[in-house]
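This briefing accompanies the sequence and the three-dimensional model shown below. It is arranged by topic for use alongside both.

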Amino acid sequence: APRVGVLALQGDFREHLAVLRELGAEAVPVRRPDELVSVSGLVIPGGESTVMDKLSRAFGLREPLLDAIAAGLPVYGTCAGLIMLADRVLDATPGQQTLGGLDVTVRRNAFGSQLDSFETDLKMPVLGDPPVHAVFIRAPVVEALGEKAAALGSLDDGRVVAVEQGNLLGTSFHPEVTGDLRFHDHFLSKVRAA
Ligand code: GLN
C-alpha cells in the first residue's frame with residue numbers, strides 16, 4: 001500500500017486520513033520534515049491558508065514542502081490546500097505566502113458572505129458518472145489558468161473549481177466530507193504511477 005501523508009498542521013486532516021485509509025493507503029499525519037520524506041504523496045487539507053502558511057514556517061516545513069513539490073511529489077490540495085498550491089492568490093492577507101506549483105490564480109473566499117458555503121453537483125469527466133456532489137466552505141475559485149494547468153471541473157457559470165498539473169491536483173471543494181472516494185482514488189493513481 002502506498003504511504004501517503006496528510007499535512008496535519010491545521011484544518012480537516014483527520015477526514016482525509018480516514019478516506020485514504022478506506023482506499024487502502026497507509027495514511028500518516030505530517031507535521032515534521034522527517035515525516036514528509038517518508039511519504040510518496042501528500043494531501044494538503046482544507047482549513048485556513050493564512051494559518052497553514054504561518055505554521056508551515058514555524059514547524060520548519062516550508063522549505064521541505066517546496067523541495068518536495070519541486071521534486072515531483074504528488075500533492076492534492078483541497079480548499080485552503082488549493083490556495084497553498086497556487087502560484088498566485090487574490091485577496092490574500094498581507095504577507096501571506098503560498099507554496100505554489102500549480103500555474104493558476106485563485107481568489108480566496110470567492111463566494112462572498114451569502115454563498116459562503118453551498119453544495120452542488122459537478123460534472124467531472126476524469127471521474128466519470130455520476131457527477132460529484134461538491135461541498136464548498138468559504139471556498140476559493142480558480143480565476144485564471146496558466147498554460148501548464150488544466151481544468152478538471154467547473155461550475156455552471158464556468159468558474160473553475162478543480163485543476164490538475166502533472167502530479168499536482170487541487171479542488172475548491174471538499175470530497176473528504178461526502179463519502180465519495182473517487183477524487184482521492186484519482187489522486188492515489190497518481191501516487192502509484194509516480
Ligand atoms: N477561506 C479559507 C482560506 O482562505 C479556505 C476555507 C477552507 O479550506 N474550507 O484558507
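Which residue follows α4, and what is the sign of its phi? The residue is Gly72, with a positive phi near 95°. The model is a predicted one, and the points below treat its ligand shell, annotated sites, nonpolar core, helix α4 and backbone geometry.

**Ligand surroundings**

- The shell around the ligand consists of Gly46, Gly47, Glu48, Ser49, Cys79, Ala80, Ile83, Arg108, Asn109, Ile137 and Arg138.
- Sorted by class, this shell comprises four nonpolar, four polar and three charged residues.

**Annotated binding site**

- An unreviewed UniProt entry assigns the feature "binding site" to Gly47, Glu48, Ser49, Arg108, Ile137 and Arg138.
- These positions span 92 residues of sequence yet cluster in space, the largest C-alpha distance being 12.9 Å.
- Ser49 belongs to helix α3, and it is buried because 29 other C-beta atoms lie within 10 Å, where 20 or more suffice.
- Beyond four places in sequence, the contacts of Ser49 are Ala80, Ile83, Met84, Gln96 and Arg108.
- Arg108 is located in the loop between β6 and β7, and its 22 C-beta neighbours inside 10 Å class it as buried.
- With residues up to four places away in sequence set aside, Arg108 touches Ser49, Ile83, Val89, Leu90, Asp91, Ala92 and Pro140.
- Arg138 occupies the loop between β8 and β9 (141-145); with 17 other C-beta atoms within 10 Å, Arg138 is partly exposed.

**Annotated active site**

- The annotation "active site", also taken from an unreviewed UniProt entry, covers Cys79, His174 and Glu176.
- Although these residues are spread over 98 residues of sequence, they cluster in space, with a largest C-alpha distance of 11.1 Å.
- Cys79 sits in the loop between β4 (75-78) and α5, and counts as buried with 29 C-beta neighbours inside 10 Å.
- Outside four places in sequence, Cys79 is in contact with Gly46, Ile137, Ala139, Pro140, Ser172 and His174. Among these contacts, His174 shares the active-site annotation with Cys79, while Ile137 carries the binding-site annotation.
- Cys79 also appears in the shell around the ligand.
- Glu176 lies in the loop between β12 (168-171) and α6 (182-193), and its 27 C-beta neighbours inside 10 Å make it buried.
- Not counting residues up to four places away in sequence, Glu176 touches Asp12, Glu15, His16, Val19 and Thr78.

**Nonpolar core**

- The largest nonpolar core contains 57 residues, and those with the most contacts inside it are Leu7, Leu42, Val75, Leu85, Ala86, Val106 and Val163.
- Helix α5 (residues 80-85) contributes the most to this core, providing five residues.
- Leu7 touches Phe13, Val30, Leu42, Val43, Ile44 and Pro45, with residues up to four places away in sequence left out. One of these contacts, Leu42, is itself listed with the most contacts inside the core.

**Helix α4**

- Helix α4 (residues 62-70) has Leu65, Ala68 and Ile69 as its buried residues.
- Viewed down the axis of α4, these buried residues fall within an arc of 95°, so they line one face of the helix.
- The exposed residues Glu63 and Ala70 are carried on the face of α4 turned away from its buried side.
- The cover over the buried residues of α4 includes α2 (33-36), β3 (42-44), α3 (49-58) and β4.

**Backbone geometry**

- The peptide bond from Asp129 to Pro130 is cis, with omega near -10°. Pro130 lies in the loop between β7 (117-122) and β8 (132-137).
- Asn109 has a positive phi near 45° although it is a residue other than glycine.
- Asn109 is found in the loop between β6 (102-107) and β7, and counts as partly exposed with 14 C-beta neighbours inside 10 Å.
- Arg138, likewise not a glycine, has a positive phi of about 45°.
- Both Asn109 and Arg138 are among the residues that surround the ligand.

Key
Residues numbered from 1 in each chain as written. Predicted model: local features only at pLDDT ≥ 70, side-chain atom pairs only at ≥ 80, totals over all residues. Near = placed C-beta within 6 Å. Nonpolar A, V, L, I, M, F, W, Y, C, P; charged D, E, K, R; others polar. Core = buried A, V, L, I, M, F, W, Y, C linked by C-beta atoms within 7 Å. Buried ≥ 20, exposed ≤ 12 C-beta atoms within 10 Å, placed from the backbone. Helix = DSSP H or I, 4+ residues; strand = E, 2+ residues; numbered from the N terminus. Contact = placed C-beta atoms within 7 Å. UniProt positions renumbered as here; feature names shortened; annotations may be inferred. Arc of directions from axis to C-beta.
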